[in-house]
Amino acid sequence: MTSYTLTYFDFAGGRGEPIRIALHAAGVPFEDIRLSFPEFSKMRQDTPFNALPVFEIDGAAVTQSNALCRYIGKMAGLYPADDLQALYCDEAMDAVEDLGHHIGQTFGLEGDELKAAREKLVDGWLTTFVKGLSALLQRGGGRYFADNRLTVADLKVLMQTRWLRSGALDYVPKDLVDKIAPNLVEHQALIEADPRVVAWYTSRS
Ligand SMILES: N[C@@H](CCC(=O)N[C@@H](CS)C(=O)NCC(=O)O)C(=O)O
């Protein structure tokens, strides 16, 4: 039997969590390795791109979260078979990656520098991407990003919406998404209530 291991940080979000949920939805047993940031620092040079997630299939490492979402999404029935719907699914996932990249550029900043960078982000890329994702959701019919059903794109966007609304990002207003993209708030509730998502969190509790 093929063995699967996912190594990511110990929190329910980011690039790793959609992969965990999809693996669980696929009924694929996997070793869920969760690292603290100090633990990652010690082993980052041993990862292919000095980053997580790292997925291992029979011990062979594979990286890149969206590629992994597609691969496992296919196993779980969470990736569209139709090429156009697959394109829509990929587009939303890549937009989340770009948004994460812009937010990531403010990590490590402190004090006034952090404040200025985050405020610039809120007035710029963050608003652009939240509005853009909102428009993609609208194009998909308002409930899902692609294929009129749950796909890995919904899982990936859920992580981003949850993060932005959590208040965890200093100087990013918690209600930014609520104000400019209420359909993403409804989307968060819909995806969090999906039986496959609920089943993952039930399995963890
Ligand atoms: N393109 C990669 C990016 C991976 C990435 O940047 N991961 C972050 C965590 S979500 C990381 O490990 N960063 C390394 C660091 O901050 O040192 C992917 O999509 O998997």
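**View 1. The second largest pocket and its lining.** In this predicted model, the second largest pocket is lined by Arg15, Phe49, Ala51, Leu52, Pro53, Thr63, Gln64, Ser65, Asn66 and Glu97. Its volume is about 200 Å³. Sorted by class, the lining comprises four nonpolar, four polar and two charged residues. This pocket is where the ligand sits.

**View 2. The shell around the ligand.** The ligand occupies the second largest pocket. Tyr8, Phe9, Arg15, Phe40, Arg44, Asn50, Ala51, Leu52, Pro53, Gln64, Ser65 and Glu97 surround the ligand. Six of these shell residues are nonpolar, three are polar and three are charged. Several names recur from the pocket lining, among them Arg15, Ala51, Leu52, Pro53, Gln64, Ser65 and Glu97.

**View 3. Polar atoms facing the ligand.** Arg44 places a polar side-chain atom 2.8 Å from an oxygen atom of the ligand. Leu52 takes part through its backbone: one of its backbone N or O atoms is 2.7 Å from a ligand nitrogen atom. Gln64 uses its side chain, where an N or O atom lies 2.6 Å from a nitrogen atom of the ligand. On its own, the ligand exposes 510 Å², and the protein buries 65% of that area.

**View 4. The cis peptide bond at Pro53.** Leu52 and Pro53 are joined by a cis peptide bond. The omega angle is about 10 degrees. Pro53 belongs to the loop between α2 (37-43) and β3 (54-57). Both partners of this bond also appear in the shell around the ligand, and both line the second largest pocket. Leu52 is also the residue with a backbone N or O atom 2.7 Å from a nitrogen atom of the ligand.

**View 5. Asp58 in the loop between β3 and β4.** Asp58 has a positive phi, near 50 degrees, and is not a glycine. The residue lies in the loop that links β3 to β4 (60-62).

**View 6. The largest pocket.** This pocket has a volume of about 660 Å³. It is lined by 23 residues, and those closest to its centre are Tyr8, Phe11, Gly14, Arg15 and Trp163. Three elements give two or more residues to the lining: β1 (4-9), α4 (83-104) and α7. The biggest share comes from α7, with six residues. By class, eleven lining residues are nonpolar, eight are polar and four are charged. Two of the residues closest to the centre, Tyr8 and Arg15, also belong to the shell around the ligand. Arg15 lines the second largest pocket as well.

**View 7. The cavity lined by α6 and α7.** The structure holds one cavity of 30 Å³ or more. About 50 Å³ of space lies inside. The lining is made up of Leu99, Val130, Leu133, Val157, Gln160, Thr161, Leu164, Val177 and Leu184. Two elements, α6 (125-139) and α7 (152-166), each give two or more residues. Helix α7 gives the most, with four. Seven lining residues are nonpolar and two are polar. None is charged.

**View 8. Helix α7 at two sites.** Helix α7 spans residues 152-166. At the largest pocket, α7 is the top contributor to the lining, with six residues. At the largest cavity, α7 again gives the most, here with four residues. The cavity lining includes Val157, Gln160, Thr161 and Leu164. Trp163 is among the residues closest to the centre of the largest pocket.

Definitions and conventions:
Residues numbered from 1 in each chain as written. Predicted model: local features only at pLDDT ≥ 70, side-chain atom pairs only at ≥ 80, totals over all residues. Heavy atoms only, no water. 1 Å grid on protein atoms, 1.4 Å probe; cavity = no way out; pocket = protein on both sides within 12 Å on 5 of 7 lines; lining within 4 Å. Points joined across faces, edges and corners; volume = space filled by probe spheres on them. Nonpolar A, V, L, I, M, F, W, Y, C, P; charged D, E, K, R; others polar. Near = heavy atom within 4 Å. Polar contact = N/O pair within 3.5 Å; in protein donor to acceptor, adjacent residues only side chain to side chain. Areas by Shrake-Rupley, 256 points an atom, 1.4 Å probe, with all protein chains shown as cover. Sits in = over half its atoms within 2 Å of the grid points.
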